[in-house]
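I opened this model to look up where the ligand sits and what surrounds it. My notes follow in the order in which I checked things.

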Amino acid sequence: MNARPVGIHDISFATTHYVLDHVVLAQQHGVDADKFHFGLGQDAMSIAAADEDIVTMAAAAAAPIIERHGVEHLRTVLLATESGIDQAKSAGLYLHSLLGLPTAARVVELKQACYGATAALQFAMALITVDPSQRVLVIATDIAKYELGTAAEPTQGAAAVAMLVTADPAILRLEPVSGVYAKDIMDFWRPNYRTAAVVDGKSSVLAYLEAIEGAWQDYRDRGGRKLTEFTQFCYHQPFTKMAYKAHRHLLDSQGFTPDPQTVEAAVSDSTGYNRTIGNSYTASLYLGLAAALDGHADLSGRPIALVSYGSGCVAEFFGGTVVDGYRDQLRTAANGNAITRRKPIDYDRYRALHEAELPSDGRRHVLPEETSGPFRLAAISEHKRIYETRTEHIELTEIN
Ligand code: COA
């Protein structure tokens with residue numbers, strides 16, 4: 001008897017209230033904006049307001065999924081992040097009260113740089129394969145932060161992607177064959193006492209290429225598809241040009257000539273959201289998937305590749321087949337709105353937000369009300385984060 005297919009039944013994302021245009025940042029850096037637009041493939045980056053964090057974004061991403069599917073059979077919430085807000089409590093537990101999730105549930109936070117959500121997806125598949133009646137909510141949520149004035153600064157960004165993983169999925173059937181690669185390296189890391197990551201940018205690009213080639217070899221050794229079978233490739237995108245570099249490298253390593261048209265057709269749709277949102281670490285690959293699904297190409301019945309990389313490092317290559325009728329499940333209009341409704345800010349405002357630190361004295365601090373979305377971080381008191389829900393906005397998100 002064949003096992004029931006398992007995969008992504010629904011996918012939704014949220015980003016921040018503010019956006020910084022890369023023309024503004026290029027002026028500040030004294031470089032030609034083309035360096036960011038074409039050299040990195042980035043137009044802008046999402047910037048979190050004072051009353052936003054990974055929890056408010058995660059809740060905003062997951063709320064439309066809960067609205068549509070309810071919480072029945074949802075027994076596991078896996079939240080992946082590398083910009084965690086607590087060393088002990090899982091950020092997913094805040095969602096529990098914000099979204100009214102069931103008490104009969106396991107909730108856990110996963111970390112391995114930008115790779116964490118892929119581990120969550122694989123764990124979700126395993127749980128559902130054992131018991132196909134269960135559903136798993138997987139959430140990737142991150143705010144990418146580097147030091148001001150560094151080469152990495154234009155590759156910041158922020159977003160959350162929520163995915164409902166089920167048996168007999170309506171969007172993407174994930175395939176059980178997967179290739180993995182791990183190596184202990186120091187290309188990007190963030191010690192507990194820092195809010196901004198430390199990165200050896202150039203070596204991280206090379207490490208990424210080596211790791212995805214290793215994951216691909218493992219995938220093939222385990223009987224995976226041929227490279228030519230995939231219609232599109234969704235890569236982790238610290239900046240969108242990286243997807244192009246990665247695909248060229250993969251083709252080249254397998255003896256193909258990576259001509260520009262082939263590479264463009266394979267990756268360009270997946271870069272649409274990341275170009276303007278920036279790096280969202282764990283969410284980046286899945287924003288790429290959302291963009292590919294929302295793109296013009298009809299992917300019904302087509303195999304697509306998912307290529308995950310997290311510095312430090314772990315990579316995974318796996319595939320899925322897009323389900324016929326998938327477009328009926330997508331949130332293309334809401335996704336477009338999440339991007340267009342962001343408020344542009346000038347450099348001074350961006351810098352102030354970048355330099356701001358949450359108070360750590362344990363007293364009550366009320367945060368300025370800057371956002372208008374469904375969830376906000378209202379205050380910090382006795383070292384606790386106090387969140388607020390604006391219920392009328394959840395309905396608005398669903399209408400959009
Ligand atoms: N017009 C068009 N392109 C331009 C340009 C211009 N005026 N000026 C420079 N460029 C191009 C460069 O040729 C280069 O292209 P290439 O990568 O195809 O060679 C690209 O812009 C980047 O410029 P470069 O000076 O080589 O690098 P950088 O100092 O800007 O640093 C990163 C780039 C990625 C290393 C840096 O942004 C970083 O550290 N990012 C964070 C880490 C990261 O994202 N790692 C990825 C793996 S996880």
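These entries go from the pocket to the ligand and its contacts.

Entry 1, the site. I kept in mind throughout that this is a predicted model. I looked up where the ligand lies, and the space it takes is the second largest pocket, for which I noted a volume of about 680 Å³.

Entry 2, the lining. I found 29 residues lining this second largest pocket, with Ala151, Thr155, Gly201, Val205 and Phe239 lying nearest its centre. The elements that give two or more residues to this lining are helix H2 (33–40), helix H6 (201–221) and helix H7 (241–253), and of these H6 gives the most, with 5 residues. Sorted by class, the lining has 17 nonpolar, 9 polar and 3 charged residues.

Entry 3, the shell. I then turned to the ligand itself, which has 18 residues around it, with Lys35, Ala151, Lys202, Ser204 and Lys245 coming nearest. By class I noted 7 nonpolar, 5 polar and 6 charged residues in this shell.

Entry 4, polar contacts. Which side chains place a polar atom by an oxygen atom of the ligand? I noted Lys202, with an N or O atom of its side chain 2.7 Å from a ligand oxygen, and Lys241, with a polar side-chain atom 3.1 Å from an oxygen atom of the ligand. For Thr155, the partner of the polar side-chain atom is a nitrogen atom of the ligand, at 3.5 Å. I also checked the cover, and the protein hides 69% of the 970 Å² of accessible area that the ligand has on its own.

How values were computed. Residues are numbered from 1 along each chain as its sequence is written. This is a predicted model: local features need pLDDT of at least 70, side-chain atom pairs count only at pLDDT 80 or more; totals for chains, interfaces and linings use all residues. Side-chain values use heavy atoms; hydrogens and water are left out. On a 1 Å grid over the protein atoms alone, a cavity is a set of points where a 1.4 Å probe fits but cannot get out, and a pocket is an open set with protein on both sides within 12 Å along at least five of seven lines; lining residues have an atom within 4 Å of a point. Grid points are joined across faces, edges and corners, and a volume is the space filled by probe spheres set on the points. Helices (H or I, at least four residues) and strands (E, at least two) are DSSP runs, numbered from the N terminus. Ala, Val, Leu, Ile, Met, Phe, Trp, Tyr, Cys and Pro count as nonpolar, Asp, Glu, Lys and Arg as charged, and the others, Gly among them, as polar. A residue is near a molecule or strand if one of its heavy atoms lies within 4 Å of it. A polar contact is a pair of N or O atoms within 3.5 Å; within protein, one must be able to donate a hydrogen and the other to accept it, and residues adjacent in sequence count only if both atoms are side-chain atoms. Accessible areas come from the Shrake-Rupley method with a 1.4 Å probe; for residues, only the protein chains shown count as cover. A molecule sits in a cavity or pocket if more than half of its atoms lie within 2 Å of its grid points.
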